[in-house]
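Welcome! Please take a moment to look over the sequence and the structure below before reading on.

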Amino acid sequence: MGEALFRVLVSTPRCVVPTLRHDELKADPGIMRAIAREHRIPVYDLGRLACFGVYLDVLEPGTVRLDDTVTRPRSC
């Protein structure tokens, strides 16, 4: 991604916090429902969890800018 190299460690299970009201943003439980319906991923021995995002390990530091291309090695 950009000039950096990362390794994906695990998908990021989501909690309900993004669905809650934040300042002027209204609560929206539909966000979590959509993630739970469309994107359940096995996470360790915890079962299939509603995930959005990933935790990364930085292998080679570098600059990452908005709109940089993200490429995935063929072996993934």
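Here is a short tour of some strands, a few of their residues and a surface patch.

Keep in mind that this is a predicted model. A good place to begin is strand 1, which covers residues 5–13. Strand 1 pairs with strand 3, made of residues 48–60, and the two run antiparallel. Strand 3 also has an antiparallel partner in strand 2, which spans residues 40–42. The table sets these pairings side by side.

| Strands | Bridges | Direction | A facing pair |
|---|---|---|---|
| strand 1 and strand 3 | seven | antiparallel | Val10 and Tyr55 |
| strand 2 and strand 3 | three | antiparallel | Arg40 and Ala50 |

Strand 2 and strand 3 form a hairpin, with five residues between the strands. In this hairpin, look for Tyr44, whose phi is positive, near 45°.

Now return to strand 1 and compare two of its residues. Is Ser11 buried or exposed? Ser11 has a relative accessible area of 18%, so it counts as buried, the cut-off being under 20%. Leaving aside residues up to four places away in sequence, Ser11 is in contact with Ile41, Cys51, Gly53, Val54 and Tyr55.

Val8 also lies in strand 1. Val8 is classed as exposed because its relative accessible area is 52%, and the cut-off for that class is over 50%. On the surface, Val8 belongs to a nonpolar patch of about 480 Å². Met1, Val54, Leu56, Val64 and Val70 make up this patch together with Val8. Val54 thus appears twice in our tour: it is one of the residues touched by Ser11, and it is part of the nonpolar patch.

Note on methods
Residues are numbered from 1 along each chain as its sequence is written. This is a predicted model: local features need pLDDT of at least 70, side-chain atom pairs count only at pLDDT 80 or more; totals for chains, interfaces and linings use all residues. Side-chain values use heavy atoms; hydrogens and water are left out. Helices (H or I, at least four residues) and strands (E, at least two) are DSSP runs, numbered from the N terminus. Buried means under 20% relative accessible area, exposed over 50%, partly exposed in between (1.4 Å probe, protein chains only). Contact means heavy atoms within 4.5 Å. Patches are made of residues with over 30% relative accessible area and no salt bridge: like charges are joined within 9 Å, nonpolar side chains (Val, Leu, Ile, Met, Phe, Trp, Tyr) within 5 Å. Accessible areas come from the Shrake-Rupley method with a 1.4 Å probe; for residues, only the protein chains shown count as cover. A salt bridge is a side-chain nitrogen of Lys or Arg within 4 Å of a carboxyl oxygen of Asp or Glu. Two strands pair if DSSP finds at least two bridges between them.
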